[in-house]
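Please read these points alongside the coordinates. They cover one charged pair, one surface patch and one helix.

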Amino acid sequence: MQTQIHGFRLSPQQRRLWLLQKDSSVYQSYCAILLEGNLNQEILKAALHQVVNRHEILRTNFHTYNGVMKIPVQVISDPLIIYRLLNIIFRNKKL
């Protein structure tokens with residue numbers, strides 16, 4: 001059986017960075033933001049959706065296929081998937 005691979009090859013720069021960071025957490029970054037005061041969740045959700053919809057890099061994931069490829073491919077998610085994820089996050093969190 002042949003595995004069908006969906007995605008795009010990494011650019012030479014992405015490939016080099018992948019090889020440098022694959023066994024390290026040096027290139028990972030995390031962030032938390034504290035919002036104080038009244039918050040309109042619908043406006044925040046709409047703003048996040050617009051930003052993610054506009055910038056593909058925020059929807060880009062890297063998938064590896066074990067036994068098929070050593071270097072991953074980049075997969076750009078559909079904006080609708082991200083919108084559904086935002087809905088789940090906002091539904092499950094009390095902001």
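1. K45 is buried, because its relative accessible area of 12% falls under the 20% cut-off. The model is a predicted one, and this assignment should be read as computed from it.

2. Which residue does K45 pair with? The side chains of K45 and E42 form a salt bridge, with an N to O distance of 3.5 Å. The count for the model comes to 1 salt bridge. Side chains of opposite charge can pair when their charged atoms come close.

3. The partner E42 is exposed, since its relative accessibility is 52% and the cut-off is over 50%. Both E42 and K45 belong to helix 2 (residues 41-54), 3 residues apart, or about one turn of the helix. An α-helix has 3.6 residues a turn, so residues three or four places apart point the same way.

4. A nonpolar surface patch is made up of L17, L20, V26 and Y27, which together have about 410 Å² of accessible area. Y27 sits in the loop between helix 1 (12-21) and helix 2. With 48% relative accessibility, Y27 counts as partly exposed.

5. Does the length of helix 3 agree or disagree with its residue count? For the 14 residues of helix 3 (residues 79-92), 1.5 Å a residue gives an expected span of 20 Å, and the end C-alpha atoms are 20 Å apart, so the two agree.

6. Helix 3 has I82, L86 and F90 buried. These residues cover an arc of only 75° around the axis, and therefore lie on the same side of helix 3. The cover over the buried residues of helix 3 includes helix 2. On the face turned away from the buried side are the exposed residues I81, R84, R91 and N92.

Definitions and conventions. Residues numbered from 1 in each chain as written. Predicted model: local features only at pLDDT ≥ 70, side-chain atom pairs only at ≥ 80, totals over all residues. Heavy atoms only, no water. Salt bridge = Lys/Arg side-chain N within 4 Å of Asp/Glu carboxyl O. Helix = DSSP H or I, 4+ residues; strand = E, 2+ residues; numbered from the N terminus. Buried < 20%, exposed > 50% of the residue type's maximum accessible area, 1.4 Å probe, protein only. Patch = residues over 30% accessible without salt bridge, like charges linked within 9 Å, V, L, I, M, F, W, Y side chains within 5 Å. Areas by Shrake-Rupley, 256 points an atom, 1.4 Å probe, with all protein chains shown as cover. Expected span 1.5 Å × (residues − 1). Arc of directions from axis to C-beta. Contact = heavy atoms within 4.5 Å.
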